[in-house]
Amino acid sequence: QTNPVAMKTVMSNTIFTNVAKTSDGGVFWEGMEKEISNNVTITSWLGDSNWSKESGKPAAHPNSRFCTPAGQCPIIDPAWEDPKGVPISAILFGGRRPQGVPLVYEAYDWKHGVMVGAAMRSEATAAAEFKGKVIMHDPFAMRPFFGYNFGHYLQHWLSMETRTDKPLPKIFHVNWFRKSEKGRFLWPGFGDNVRVLDWILRRVNCEEVAEESAIGLLPKASSMNLSGLEEEVDMEELFSVPKEFWEQEVREISKYFGEQVGDDLPNEVREQ
C-alpha cells in the first residue's frame, strides 16, 4: 500500500537478502501480513520454521535488502539508459531529523548545496553501525559507503561548477520525519511527498514560490499544494527554524569537519 511501484518492480528476477521465506516459494517481511494466506507458513531469516509474531523475534532482519534490474520499474524514464545522458534538474538530500529541520528547503547556490550535503545529520538506521535512535553525521546520506578521502570528495563536488557551462542542478534538503513535541509525525509522508516534489519542480522552473531563511530558501506561505490532504498539518511548526537548534547544529558540524576532514576541508565549505 505504501510503495506499490516498488512491489511491482521486485516481482521477478530479484535477489532478496535477510528476508523471511514462505512455504509457497515467496518472500516475507513485516508489513506483508495481509499478503500471506492462512495456510502458508513462514521461515524467518534466522531459519526458524513456522515463524509467528508471538515468537518475539522479527521475521526479516531490519537491514534486509533486494537487488533487482532497474528496467523493471514500471515508471522509470524511457531515457534512463540513453548513452548521451539526461539533464539533472535537481538533487535531493534527505535525512531523518525528528527535530528542527524543515520539511524541505533549497540551497542558495551550488557551494551552499555542497555544504548542505556535507553537513547532513540523520537518525541512525539499520544500514549504519549505530544502535538506537541517535543522531549521526551522515554526509550526502551515504556515510557508510564513502570510499575515499572526504575532503577530496567535497572538492570533486565543488569542481562541477567550473566543469560545465550548463546550469547546475538546484540542491534541496528534505525531511519527512519531523515530529511534534508529543512525538507525532508532522507530515503524513508516503504518497503525499509528491506535494513537496511539485514545489521543487516549480522552483526548478524558477517560480517565485520561495523565501529566504537563515538556512536556505523555504516555501512561501500557501505555495505548497495541500488540496485533498486527508489530515491537518501544522505548516508553521513543520517549517520553523529554531535559532538555538541551528546554532547547536553549526557547532556540531564544525566540530565534525575539524575531526574528520581537518586540513583537507575545502575553503569554500569552510566559508559556508
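Is Glu161 buried, partly exposed or exposed? Glu161 is partly exposed, with a relative accessible area of 31%. That residue is a handy way into this structure, which is a predicted model. The chain has seven helices and 12 strands, and buried residues make up 36% of its 272 residues. Let's walk through it topic by topic.

**The overall picture**

- The C-alpha trace of the chain spans about 60 × 45 × 40 Å along its principal axes.
- Taking the contacts in the chain with a separation of 6 or more, 63% are between residues 24 or more positions apart.

**Salt bridges**

- There are nine salt bridges in the structure.
- Glu161 takes part in one of them: its side chain meets that of Lys111, at 2.8 Å from N to O.
- Lys111 sits in helix α2 and Glu161 in the loop between α3 and β10, so this pair ties together parts that are 50 residues apart in sequence.
- Like its partner, Lys111 counts as partly exposed, with 30% relative accessibility.
- Another salt bridge links Glu249 with Arg97, and their closest N and O atoms are 2.7 Å apart.
- Because Glu249 lies in helix α6 and Arg97 in the loop between β6 and β7, this pair ties together parts that are 152 residues apart in sequence.
- Glu249 is buried, at a relative accessible area of 4%, and Arg97 is buried too, at 4%.
- Arg97 and Glu249 also belong to a network with Arg121, joined by salt bridges that share partners.
- Asp192 and Arg195 form a salt bridge as well, with 3.0 Å between the closest N and O atoms; Arg195 counts as buried, at 12% relative accessibility.

**A buried charge without a salt bridge**

- Arg178 is found in the loop between β10 (170–174) and α4 (194–204).
- Although Arg178 is buried, it has no salt bridge.
- The nearest side chain of opposite charge belongs to Glu237, and it is 6.0 Å away; a salt bridge needs the two atoms within 4 Å.
- Glu237 does come into the picture through its backbone: its backbone oxygen lies 3.4 Å from a polar atom of the Arg178 side chain.

**The nonpolar cores**

- The largest nonpolar core has 45 residues, and Phe140 and Phe257 have the most contacts inside it.
- Elements that each supply at least two residues of this core include β7 (104–106), α2 (110–118), β12 (217–219) and α6 (243–260).
- Beyond its neighbours within four places in sequence, Phe257 touches Ala118, Ala119, Phe150, Gly262, Leu265 and Val269.
- A second, separate core has eight residues, including Phe28, Met32, Val40 and Ile42.

**Helix α3**

- How many of the 10 residues of α3 are buried? Seven are, so this helix is largely enclosed by the rest of the structure.
- Those buried residues are Phe150, Gly151, Tyr153, Leu154, Trp157, Leu158 and Ser159.
- They pack against β6, α2, α6 and α7 (267–271).
- If you look along the list, you can spot neighbours on the helix: an α-helix has 3.6 residues a turn, so residues three or four places apart point the same way.
- At the N-terminal end of α3, Asn149 acts as a cap: one of its side-chain oxygens lies 2.8 Å from the backbone nitrogen of Gly151.

**Strand β6 and its partner**

- Side chains alternate along β6: Ile91 and Phe93 point to one face and are buried.
- Ala90, Leu92 and Gly94 point to the other face and are not buried.
- Strands β6 and β10 run parallel and are joined by five bridges.
- Across from Ile91, in β10, stands Ile171.

**A three-stranded sheet**

- Three strands form an open sheet in the order β3-β2-β4, and their pairing is antiparallel.
- The edge strands are β3 (27–28) and β4 (42–43), each of which pairs on one side only.
- Strand β2 (residues 20–22) is joined to β4 by two bridges.
- Lys21 has Thr43 as its bridge partner in β4.

Definitions and conventions
Residues are numbered from 1 along each chain as its sequence is written. This is a predicted model: local features need pLDDT of at least 70, side-chain atom pairs count only at pLDDT 80 or more; totals for chains, interfaces and linings use all residues. Side-chain values use heavy atoms; hydrogens and water are left out. Helices (H or I, at least four residues) and strands (E, at least two) are DSSP runs, numbered from the N terminus. Buried means under 20% relative accessible area, exposed over 50%, partly exposed in between (1.4 Å probe, protein chains only). Lys and Arg count as positive and Asp and Glu as negative; His and the chain ends are not counted. A polar contact is a pair of N or O atoms within 3.5 Å; within protein, one must be able to donate a hydrogen and the other to accept it, and residues adjacent in sequence count only if both atoms are side-chain atoms. Two strands pair if DSSP finds at least two bridges between them. A nonpolar core is a set of buried Ala, Val, Leu, Ile, Met, Phe, Trp, Tyr and Cys residues joined through side-chain atoms within 4.5 Å. Contact means heavy atoms within 4.5 Å.
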